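The following exercises concern a predicted model. Please work through each task with the sequence and the coordinates at hand before reading the solution.

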Amino acid sequence: MRIKAVLLTAALALLPPPRAAADIFSMTPAGPVSGYSRNADGITLNCADGSQARIYLLAPDLARVRASFTKPLPPAGRSWALDKTEWKAPDWSVKETEKEIILATSELEVAVKRSPFLIEFRDPKSGRAICSDARPMSYGSGGRAGAIKALGYEEHFYGLGEKASRLDHRHSSFTMWNSDTYGYTEGRDPVYQSIPFYIGLEKGSAYGIFLDNTGRTGFDLGHGSSEYAAFWAETGELDYYFFYGPDMKKVLGRYTELTGRMPMPPLWALGNQQSRWGYAPDRQAEFIADKYRADDIPLDVLYLDINYMNGYRVFTWDPERFPDPARLTSGLAAKGVKVVTIVDPGVKYQPAAKEAPARARPELGPQEEHYYVYEQGVRNGYFLRKKDGSLATGRVWPGKSVFTDYTLPDASRWWGDLLRAYTDNGVAGIWNDMNEPADFDDPDGLKKGDVVYHDGGGNTGHDRNRNVYGLLMAKATYEGLQRLRPGKRPFVLTRAAYAGIQRYAAAWTGDNVSDWADMALSIPMLANMGLSGEVFVGSDLGGFTMGRPTPELMTRWYQVNFLTPFFRNHKDMGGYDSEPWRLPDYYRDIVRGYVKLRYRLLPFLYTAFAQAHETGLPVMRPLVLNYQEDRNTLNMNDQFMAGSDILVAPVLAEGRTQRKVYLPAGEWYDFWTGKRFKGGTTIDAQAPLETVPLYVRAGAVVPFWPEMKHTGEIPVPPVTFKIYPDENGAASGVLYEDDGETTGYASGVYRRTRVKVTGGAGAIRIETACEGSYAPAGALWSFEIEARKASAAELDGRPLPAGAFKREGGRAAVTIAADGRPHVLVIR
């Protein structure tokens with residue numbers, strides 16, 4: 001959420017500088033390999049200095065490397081990041097030469113040089129080195145350990161989760177240490193999340209590395225030296241996974257197979273969402289929803305920030321400002337608006353002063369009485385403690401606060417069950433904020449060296465657990481909602497995260513600034529989060545803090561965000577009102593149009609979410625993911641794609657009414673005019689304030705819905721497939737449908753429709769094929785294609801008379817007609 005500026009300034013002065021890359025070069029290298037033994041899934045290497053390493057072959061394109069220095073490797077421990085822990089070893093072989101030990105699968109070679117001890121990953125077909133140690137794995141004082149790779153002359157780097165930086169991380173360095181960074185700008189590091197996974201790309205060939213270490217880690221990708229790319233950990237084991245493509249999508253698919261993929265979200269969570277710090281009392285929340293409806297701007301979600309609570313106590317409601325939360329949520333639900341409430345991890349420190357009779361609804365109790373959450377947590381030992389056994393405390397919104405130990409299974413379940421205070425009152429989703437965890441007196445967590453976490457009985461410290469605190473809070477929240485609403489899809493939003501967060505929560509980029517620079521920065525930030533397995537991501541539209549966005553900036557920001565996965569307008573308490581209906585009419589009308597266009601494109605976006613659920617590929621993509629062999633896309637920060645078919649080139653500077661747009665190979669349609677362009681070139685695009693340059697890939701079929709006020713307004717929306725044929729008259733696309741609410745999709749209750757269009761010889765052929773058991777009643781499909789008036793038509797091989805044709809039984813009808821636009825046919 002936020003820290004006062006004075007606290008932030010003081011905190012920055014206390015932060016230690018991140019360890020320089022030079023530190024890793026001063027570490028002690030592991031000794032030469034003295035021997036090895038073969039295991040079922042790889043080999044164990046013994047070094048002359050007592051160090052030991054193990055290489056696991058988990059899949060033909062996936063290897064794992066673990067190392068322990070000057071002592072044998074302990075058994076592998078539990079990882080919070082991993083979703084898949086059991087792998088069937090691929091067919092593999094090992095051979096020796098005088099200088100090397102070489103492990104090989106059908107897709108990857110791992111060559112171990114004996115002296116010095118170096119690991120090189122190779123393509124077995126070409127023999128080309130993919131990624132090589134430049135120096136032996138090394139260790140230093142305090143348990144530090146790292147690896148130093150050779151930096152390719154044309155190597156580029158992507159991923160590492162949420163970083164306030166440009167798309168390509170080449171010649172950059174980063175620290176992984178979840179931090180509350182209010183009002184961050186480009187270059188601030190670390191920020192809220194730690195995803196220690198990156199993709200390397202050189203000459204069109206990609207690989208990935210995931211350093212699975214929850215402590216403070218560092219990555220230097222050519223910043224400290226033009227020869228090396230290094231990564232290291234301050235504590236814990238050196239344990240990393242190597243993924244080989246050479247396709248970036250394959251690397252990302254395997255990484256998300258390892259760390260998990262996003263479950264399908266509720267459909268309403270893809271709709272327009274409105275938030276600010278301070279919607280209180282309940283009448284104000286109702287006013288906001290009513291104004292959206294009165295101004296004909298679609299809305300699905302309204303957020304309640306910390307002001308709904310009783311004295312900032314989580315799991316309570318303010319009895320004066322929100323006396324009947326169930327009435328509020330049911331009234332908003334009748335208007336098609338869901339409510340999401342913020343839930344921070346800090347629990348007010350409130351020892352009982354006296355005994356008081358139990359109350360039927362403790363969440364509505366007055367401030368001066370017992371606080372049931374604190375008392376239950378203390379009684380059961382659910383809060384973090386120091387080494388001396390006393391409660392570990394910090395200071396957040398309620399004042400002095402305690403924090404739940406989510407590594408303790410009973411505490412995690414208890415926290416999830418407490419969400420009944422919201423679900424019983426009709427709240428639809430939970431927003432986890434301040435979960436780095438933030439502490440106004442210790443924003444970087446440097447004073448928490450004596451805090452002990454249960455951690456499976458290991459009683460480990462804050463240095464090992466800070467980076468997973470947000471992940472484990474999201475896990476507890478997600479699993480609690482699953483128990484409280486069986487069969488319904490949970491919606492959880494988080495600020496802090498570690499690898500694997502996509503299994504539990506959507507994420508947003510925290511407390512951004514209301515200016516043009518932060519709007520532009522959001523594009524590469526979100527793109528790299530997508531390249532780190534995080535699909536459901538977005539930024540606070542309009543900027544959260546430090547400035548009043550002009551109507552022009554707000555309009556352009558909507559043009560950036562209307563196709564991002566998470567679509568929310570959010571503002572701080574002291575900021576100027578940012579709801580779109582407050583804009584002057586001219587700007588408000590433009591914004592309304594883009595919000596409505598998002599709703600029209602929801603079947604396209606929802607289908608992309610389904611692909612993400614199945615493959616791990618993001619909805620919002622940098623162009624390099626779709627066109628990795630095109631050098632023009634390697635560091636493209638001002639364009640992105642929605643899925644594979646729509647290219648967005650927003651205006652990111654004040655006063656601009658045109659911009660240059662790069663179109664990759666192929667052909668492209670101007671979304672607004674239908675004009676076709678040859679790809680592989682840069683064009684000049686006109687972009688008056690009403691227009692964001694938007695292009696559709698030739699060969700695509702894009703599904704649309706009609707306009708709607710919210711996602712539940714039309715139970716079975718009619719679908720229009722707009723066909724954008726390529727130069728051969730061919731096109732294809734997919735539509736994914738399910739009930740948008742339950743988990744039935746996981747057992748096959750969905751429908752996936754594949755549309756194939758072929759042309760030639762004066763004819764157009766449209767074929768559809770469906771799979772899955774979801775069958776909504778009354779579904780109506782239309783197909784739009786640029787063509788002259790049809791002189792004849794067939795359905796399933798049977799000629800159609802002019803006008804309409806009804807199948808036997810009258811279950812379906814087809815109409816082919818012009819719709820008033822030149823050369824556009826509509827087939828219903």
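**Exercise 1.** Determine the handedness of the crossing between α7 and α9, and classify their relative orientation.

*Solution.* Step 1: α7 crosses α9 in the right-handed sense. Step 2: the two helices pack with their axes 7 Å apart, at an angle of about 55°. Step 3: this angle lies outside the ranges for roughly parallel (under 35 degrees) and roughly perpendicular (65 to 115); α7 and α9 are therefore oblique to each other. Step 4: on the α7 side, the contact comprises Ser412, Arg413, Trp415, Gly416 and Asp417, which meet Met473, Ala476, Thr477, Gly480, Arg483 and Leu484 of α9. Step 5: sorted by class, this contact holds four nonpolar, four polar and three charged residues.

**Exercise 2.** Identify the buried residues of α7 and elements that cover them.

*Solution.* Step 1: within α7 (residues 409–418), Ala411, Ser412, Trp414, Trp415, Gly416 and Leu418 are buried. Step 2: their cover includes β22, β23, α6, α8 and α9.

**Exercise 3.** Which strands stand at the edges of the open sheet that contains β23, β26 and β25?

*Solution.* Step 1: the strand order is β23-β26-β25, with antiparallel pairing. Step 2: β23 (346–348) and β25 (393–396) each have a single partner strand, so both are edge strands with one side lacking a neighbour in the sheet. Step 3: on average, neighbouring strands are turned by 55° against each other, direction ignored. Step 4: β25 pairs with β26 (residues 399–403) over four bridges, and Arg395 has Lys400 in β26 as its bridge partner.

Key:
Residues numbered from 1 in each chain as written. Predicted model: local features only at pLDDT ≥ 70, side-chain atom pairs only at ≥ 80, totals over all residues. Heavy atoms only, no water. Pairing = 2+ DSSP bridges. Axes fitted to C-alpha atoms, helices over the stretch in contact; angles between N-to-C directions. Buried < 20%, exposed > 50% of the residue type's maximum accessible area, 1.4 Å probe, protein only. Contact = heavy atoms within 4.5 Å. Parallel < 35°, antiparallel > 145°, perpendicular 65-115°, else oblique. Left-handed = near helix turned anticlockwise from the far one by under 90°. Nonpolar A, V, L, I, M, F, W, Y, C, P; charged D, E, K, R; others polar.
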